[in-house]
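Here is a structure to read by asking how each label is earned. Look at the chains first, then follow the questions.

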Amino acid sequence: MIKRKLEEQFFKLLMVLATIVVSGSFFLIVGTIFYKGVPYMNWDMISKTPGGGFYIGKEGGVLNAIVGSMYIAGGATILGLIISIPVAIFINMYMDGKKFLSNTVRMAFDVLFGIPSIVYGAFGFLLMIYFGVRASLLGGIIAVTLLVIPILVRTLDEVIRTVPGELRDAALSLGSTRWETAKVVLRAIRPGIYTAILLSFGRAIGDVASVLFTAGFSDNIPTSLHEPAATLPLAIFFQLGSPVAEVQGRGYASALILTIVVLVITVLSELLLKRFYKNKI
Amino acid sequence: MLLFTVASVSLVFIIGIGLYYKSIPILNKLSWGQLLGSSVWKPFKGLFGFFPYIMGTLWVTGIAIVIALPLCILTSLYIVEYAPSRLRRFLMPFVNLLSGIPPVIFGVWGVLFIIPLIQTYIAPHFVEYSTGYSVLAGGIVLAVMIFPLIVSIVNEVLRTMPQELKDASLALGATKWETIKKVILRKALPGIIAATVLAISRAFGETIAVLMVCGNNAVVPHSVFDTGYPLPALIANNYGDMMSIPLYDSALMFAALLLFIIILLFNIISRVILTRLERRMAG
Amino acid sequence: MTFEKPHISVQGLNVQIGDNHILKDINIDIPNKKVTSIIGPSGCGKTTLLKTFNRLLDNTSDVKITGKVLVDGENIYDPNIEITHIRKKMGLLSQRPYPLPMSIYDNIAYGPRIHGSPKKKDLDILVEEQLKNVGLWEEVKDRLNAPATRLSIGQQQRLCLARGLAVGPEMILGDESTSALDPLSTHIIEDLFMKLKEKYSIVLVTHILRQAARVSDYIIFVYMGKIIEYGPAEQILKNPQEQLTKEYVKGYIV
């Protein structure tokens with residue numbers, strides 16, 4: 001009996017240690033970024049574009065990359081929503097009876113979700129060559145849109161499925177068409193849509209591999225869709241590769257900015273989702 | 001709506017076909033065997049051997065899974081079976097937050113934390129000298145990146161285990177751990193396999209974080225402290241030159257195609273296992 | 001009802017799950033080597049009562065248990081008690097059969113293996129003996145290594161009974177053990193209970209009055225978390241003293 005007890009205690013200890021490592025890694029990462037990034041953080045970082053001597057450690061900031069990332073993540077999310085909302089409604093309302101079909105479609109989006117961003121980047125690059133578009137804001141938005149569509153569809157699909165069937169039936173039985181019913185459903189899931197937007201935006205703003213070939217890089221804030229645009233993750237990557245200590249430091253500070261932005265977005269979406277489910281139940 | 005749905009679903013095929021179409025030039029020149037088996041990488045001479053890159057990918061993915069899988073299963077067991085409900089509610093958000101952190105941040109963390117750790121504390125015990133940039137560093141960073149994925153799936157799977165089954169074992173006088181070891185883990189095995197397969201495919205395609213810490217040297221690694229050069233990093237690092245050297249673009253697109261095919265297969269396998277499991281538990 | 005040497009003696013038991021007061025001040029004795037049935041409408045707390053006997057409620061979240069449950073004179077809610085020993089004393093037969101995810105043979109051998117390292121030869125004898133005990137031996141002796149899930153539901157339930165008997169319990173707890181079974185399998189299980197009461201004390205939870213009538217020596221009627229009436233089966237079913245029991249027995253309360 002003592003041996004059995006000891007074995008249980010031993011594995012319980014292992015479990016506690018593993019849990020500490022797994023959930024602690026979050027603090028370790030954020031802690032490291034804060035520790036290294038805070039000393040290099042200043043107002044110029046987020047309010048100025050790179051100056052003449054920026055890459056040898058002189059004045060300037062990464063406003064170009066912040067704005068570029070916002071444009072791309074925002075553009076991609078809007079474009080993605082325009083495509084995803086109809087898709088999610090279609091899966092749930094028009095393919096209702098056809099279990100096999102809707103499951104296959106869901107599976108396809110699961111698979112698309114699993115495809116790495118570097119493949120989306122490469123594919124986006126192919127599209128750009130095909131259509132003769134150069135690395136630009138537009139190219140970046142297209143590649144990232146491909147990346148976020150599966151995220152949006154999956155999240156929307158999940159929240160639409162929580163809408164009680166009775167609500168749909170009630171709307172339908174009042175004589176409204178499916179499309180009108182869809183509007184009722186959309187209203188019911190509005191917080192879910194916000195969550196999807198945040199999730200998609202968070203993923204889009206942090207991704208590098210998809211914009212690497214497609215968006216290019218520029219020290220200026222883009223003024224049209226055809227100009228190349230800098231992105232924050234790419235700026236971090238480039239700055240970190242620099243041999244100049246000051247530039248590396250700015251890379252840490254940029255990483256800090258990105259981390260804060262993404263954390264705020266994630267926390268917001270978690271809270272929204274929690275409220276959504278609470279209201280449902 | 002139908003149009004959008006069909007279009008986005010067929011994206012899977014369009015991507016595959018597009019990448020294949022661009023890989024045709026190199027496939028006409030070199031056979032699959034040569035491309036996958038050769039270690040000679042001389043773009044100027046038209047020689048493209050992907051073997052070192054494939055090995056680089058396998059090494060980092062393998063290390064990541066070896067580290068992450070036991071840790072994640074233990075964590076999930078603790079969260080689902082042992083932790084008091086208040087602690088559970090406290091812990092889960094951190095796992096979710098971890099999944100929200102962008103890859104590049106993991107890369108920065110790897111450079112700032114893991115690299116020095118390996119260089120000064122781990123490597124000196126085993127090898128004469130290491131810069132820290134190694135497949136081990138890549139594996140550790142990747143492992144942390146796939147934590148949330150594995151934990152969330154295994155949690156789901158463990159939660160579907162019927163309480164009555166646990167009771168049946170407990171009622172025979174088994175301890176909780178014996179119940180977990182002999183009954184729960186056995187019953188949860190398909191789900192754990194699915195989670196692993198999904199995690200492998202995620203690790204396979206991860207680009208930037210791995211690129212930042214692996215050293216990117218096109219040789220086949222022989223120990224965990226050797227540098228490696230995973231496939232995605234190859235694509236990302238060379239996009240700049242790709243239009244200037246003949247066949248280079250085709251070779252990189254072939255690399256992307258390779259990733260795409262492997263990940264597609266792994267994803268389909270794990271999704272099929274998971275859906276089946278879900279249906280069996282529901283029914 | 002009081003007995004000279006009760007097998008289980010429940011004293012001042014209260015169970016709360018969250019804000020729900022499931023069991024209220026329960027005081028009963030369960031006799032040795034008899035069949036005692038707990039009846040009552042669904043949701044009255046009868047399953048909860050059964051689960052307090054081998055402390056299976058421990059795993060429920062937000063549960064609060066006060067009072068004593070004495071098994072052979074020993075309070076199983078004493079913090080120093082070895083819980084696995086208590087559970088070993090009682091075989092559990094749940095509503096639906098839950099065979100462990102392993103072979104027929106291993107299902108029976110599971111308990112003995114946990115409580116020691118029996119020799120292969122002894123195990124073989126034990127498995128055969130227990131399968132014969134529940135009348136399953138002839139049906140499965142050629143496929144002992146097949147997964148237990150391949151058996152029919154009725155066979156699975158008998159396997160679960162044999163699995164419980166293999167650890168050498170003194171008592172059998174049945175939680176509506178026949179509710180998922182067809183009439184024939186139900187009949188087989190009921191007959192087994194009748195046979196097994198020579199060696200074991202048996203406590204059954206059931207909502208089927210006719211089943212309670214067929215197998216019980218004593219009946220406990222529970223309503224809204226309270227013991228309403230407890231007595232010999234004959235008396236409870238034919239001549240109940242309490243108004244609530246009368247109504248339940250006549251089928252007015254479901």
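The bend at a residue is the angle between two axes, one fitted to the seven residues ending there and one to the seven starting there. The model is predicted.

Q: Where does helix 7 of chain B bend, and by how much?
A: The angle between the two axes is about 40° at B:Ile146. A proline, B:Pro148, follows within four residues.

Q: What span is expected for helix 7 of chain B, and what does the helix reach?
A: Helix 7 (residues 135-159) has 25 residues, and the expected span at 1.5 Å a residue is 36 Å. From first C-alpha to last, the helix reaches 35 Å, which is close to that value.

Q: What makes helix 7 of chain B largely enclosed by the rest of the structure?
A: A residue is buried when its relative accessible area is under 20%. Of the 25 residues in this helix, 22 are buried, so the helix is largely enclosed.

Q: Why is A:Val38 called partly exposed?
A: Partly exposed lies between the buried cut-off of under 20% and the exposed cut-off of over 50%. A:Val38 has a relative accessible area of 44%, so the label is partly exposed. A:Val38 also belongs to a nonpolar surface patch with A:Phe34, A:Val38's other partners being A:Ile260, A:Val264 and A:Leu268.

Q: How do you know that strand 4 and strand 5 of chain C pair?
A: Pairing needs at least two bridges. Two bridges join these strands, so they count as paired, and they run antiparallel.

Q: Why do strand 2 and strand 5 of chain C stand at the edges?
A: Each has a single partner strand, so one side of each is left without a neighbour in the sheet.

Conventions: Residues are numbered from 1 along each chain as its sequence is written. Chains are lettered from A and ligands numbered from 1 in the order in which they are written. This is a predicted model: local features need pLDDT of at least 70, side-chain atom pairs count only at pLDDT 80 or more; totals for chains, interfaces and linings use all residues. Side-chain values use heavy atoms; hydrogens and water are left out. Patches are made of residues with over 30% relative accessible area and no salt bridge: like charges are joined within 9 Å, nonpolar side chains (Val, Leu, Ile, Met, Phe, Trp, Tyr) within 5 Å. Accessible areas come from the Shrake-Rupley method with a 1.4 Å probe; for residues, only the protein chains shown count as cover. A salt bridge is a side-chain nitrogen of Lys or Arg within 4 Å of a carboxyl oxygen of Asp or Glu. Buried means under 20% relative accessible area, exposed over 50%, partly exposed in between (1.4 Å probe, protein chains only). The expected span of a helix is 1.5 Å times one less than its number of residues.
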